[in-house]
Amino acid sequence: MLIQKRFIQKTNTKRWFWIITMVAILSLGFGVSQIVRFQEATAQAEEEVLPQLTAELEALKAEYRAQQARWQSQLLAQIAPTLTDEPDAVRRQFVDFLEEIGNPGTAALVAMLKDPSKSVRRKAAEALGEIGEDERKAGRNYDAAAIGLAMALKDDSDDVFREAIAELGDVRPTSAESLAVVVPALIAVQTKGSSSARDDVLDVLGQIGEDLAENGQSTDTIRDALIVGLNDDSTKVRTNAIAELSDIRETSTQTFAALIRALSDDAKSVRARAEDVLIKLGRSHAVSITPMLVDALTNSQSATTRGHVVDVLGEIGEALVKRGESDEMVVKPLLVALTDPVADVRRNAADELGEMRAKSPDALTALTQALADRSKNVRRAAQKAIRRIEAAK
């Protein structure tokens with residue numbers, strides 16, 4: 001009986017031991033589960049909250065730096081006018097310091113553009129250009145530097161004026177805010193100074209126009225300024241105006257009309273450049289440019305101009321044939337040119353019909369008739385053209 005009681009006690013003890021053990025295990029498991037869940041929730045909160053807090057902190061830092069830069073800029077701009085009585089060397093050193101600190105010194109440099117010394121003003125313009133170029137390359141706002149250089153274009157000193165043009169070429173403003181100031185300022189001085197300076201102004205306008213064209217923005221204002229350049233007294237400036245129109249890929253009616261007028265320019269180099277650009281732009285705009293060329297061919301009193309028009313028409317016709325398109329719009333005016341009173345124009349027309357391998361039956365008929373032309377050169381050109389067309393068939 002005693003043994004039985006002890007066994008029962010041992011059995012009860014074991015039972016309670018296992019019950020307590022199971023409860024402990026279950027409790028421990030529940031606790032671990034809760035801990036894991038807590039850690040997971042904490043990690044999730046960190047993933048969601050910490051980046052947000054970090055972004056807010058960075059924004060505060062950026063705002064602080066911007067505010068600090070504004071205070072610094074305002075302070076330096078207030079210092080600039082107080083240096084008027086200092087020697088030129090001191091003011092130039094101040095400009096060097098402003099260039100070194102970068103964008104915060106822009107406002108003070110703009111103030112230095114009013115300095116009585118042209119050497120200081122020129123140095124200030126140079127510094128603005130350096131800062132503007134650095135800011136542009138870094139992808140930061142550089143409107144203040146560009147607008148400051150636009151102001152320097154009004155300077156009475158040719159040295160400062162030329163420096164401002166050169167620096168604008170490097171800065172190349174593109175924002176709406178800076179363009180609204182810079183482009184009108186450049187247009188206002190495009191007839192100012194030497195031919196070299198006027199040429200440089202067109203270069204800068206062309207560079208800005210290229211950037212605008214690449215960004216899909218309107219180049220109408222730039223185009224109009226370049227067309228004005230076609231009336232410049234300098235052959236070099238007129239030639240450059242044509243080159244810049246080509247670079248900005250301007251294919252408006254206004255551009256084509258201006259370039260066709262340039263085919264009558266007094267300078268051979270200008271005419272040749274206009275012809276090249278008309279061919280380059282006209283190959284892909286045959287429908288719009290051909291009627292204008294036909295009008296010039298019909299109404300021009302200059303055999304030289306008509307000869308250039310024939311060249312352009314021939315090149316456009318060649319492009320049409322290569323693309324497998326109808327050449328009829330080009331062949332018709334070339335057949336008119338084949339009856340021109342000037343032999344050189346007739347010969348040129350025959351050459352172009354042969355070069356483009358004209359497909360129209362009317363071309364062969366007219367060239368066959370030209371074999372009886374009173375000019376030996378025209379007859380030879382017609383014979384050569386017929387051989388080319390027949391070979392192409």
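Is Arg-357 buried, exposed or partly exposed? At 34% relative accessibility, Arg-357 counts as partly exposed. Keep in mind that this is a predicted model, and that the values here are computed from it.

Arg-357 is worth a look for its backbone too: its phi is positive, about 55 degrees, although the residue is not a glycine. Most residues other than glycine have a negative phi. You'll find Arg-357 in the loop between α16 (343-355) and α17 (361-370). Arg-249 also has a positive phi of about 55 degrees and is not a glycine either. This one is in the loop between α10 (235-247) and α11, and with 48% relative accessibility Arg-249 counts as partly exposed.

**The chain as a whole**

The secondary structure comes to 18 helices and 0 strands. Of the 393 residues in the chain, 43% are buried. If you take contacts between residues at least 6 apart in sequence, 63% of them join residues at least 24 apart. The chain exposes about 21400 Å², and carbon and sulfur atoms supply 54% of that.

**The nonpolar core**

In soluble globular proteins, nonpolar side chains tend to be buried together. Here, the largest nonpolar core has 101 residues, and the members that touch the most others are Leu-153, Leu-186, Ile-208, Leu-353 and Leu-367. To see how one of these sits, pick Leu-186: setting aside neighbours within four places in sequence, Leu-186 is in contact with Leu-153, Leu-168, Val-201, Val-204, Leu-205 and Ile-208.

**Three helix residues**

Here are three residues that sit in helices, with how much of each is accessible.

| Residue | Helix | Relative accessibility |
|---|---|---|
| Leu-297 | α13 (residues 286-299) | 8%, buried |
| Glu-318 | α14 (residues 303-322) | 18%, buried |
| Asp-200 | α8 (residues 195-214) | 25%, partly exposed |

Start with Leu-297. Apart from neighbours within four places in sequence, Leu-297 is in contact with Arg-306, Val-309, Val-310, Leu-313, Pro-333 and Ala-337. Val-309 is 12 residues away from Leu-297 along the chain, and their C-alpha atoms are separated by 6.4 Å.

Glu-318 is a charged residue, yet Glu-318 counts as buried because its relative accessible area is 18% and the cut-off for buried is under 20%. With the same neighbours in sequence left out, those within four places, Glu-318 is in contact with Glu-355 and Met-356.

Asp-200 falls on the other side of that cut-off, since its relative accessibility of 25% makes it partly exposed. Beyond its neighbours within four places in sequence, Asp-200 is in contact with Arg-162 and Ile-165. Asp-200 and Arg-162 are 38 residues apart in sequence, and 8.5 Å apart from C-alpha to C-alpha.

**The largest pocket**

Rolling a probe the size of a water molecule over the atoms shows where empty space is left. What is the volume of the largest pocket? About 160 Å³. Its lining is made up of Ile-227, Leu-230, Asn-231, Arg-238, Ala-258, Arg-261, Ala-262, Asp-265 and Val-270. By type, the lining divides into 5 nonpolar, 1 polar and 3 charged residues. Which helix gives the most to this lining? That would be α11 (residues 253-262), with 3 residues.

Key: Residues are numbered from 1 along each chain as its sequence is written. This is a predicted model: local features need pLDDT of at least 70, side-chain atom pairs count only at pLDDT 80 or more; totals for chains, interfaces and linings use all residues. Side-chain values use heavy atoms; hydrogens and water are left out. A nonpolar core is a set of buried Ala, Val, Leu, Ile, Met, Phe, Trp, Tyr and Cys residues joined through side-chain atoms within 4.5 Å. Buried means under 20% relative accessible area, exposed over 50%, partly exposed in between (1.4 Å probe, protein chains only). Contact means heavy atoms within 4.5 Å. Helices (H or I, at least four residues) and strands (E, at least two) are DSSP runs, numbered from the N terminus. On a 1 Å grid over the protein atoms alone, a cavity is a set of points where a 1.4 Å probe fits but cannot get out, and a pocket is an open set with protein on both sides within 12 Å along at least five of seven lines; lining residues have an atom within 4 Å of a point. Grid points are joined across faces, edges and corners, and a volume is the space filled by probe spheres set on the points. Accessible areas come from the Shrake-Rupley method with a 1.4 Å probe; for residues, only the protein chains shown count as cover.
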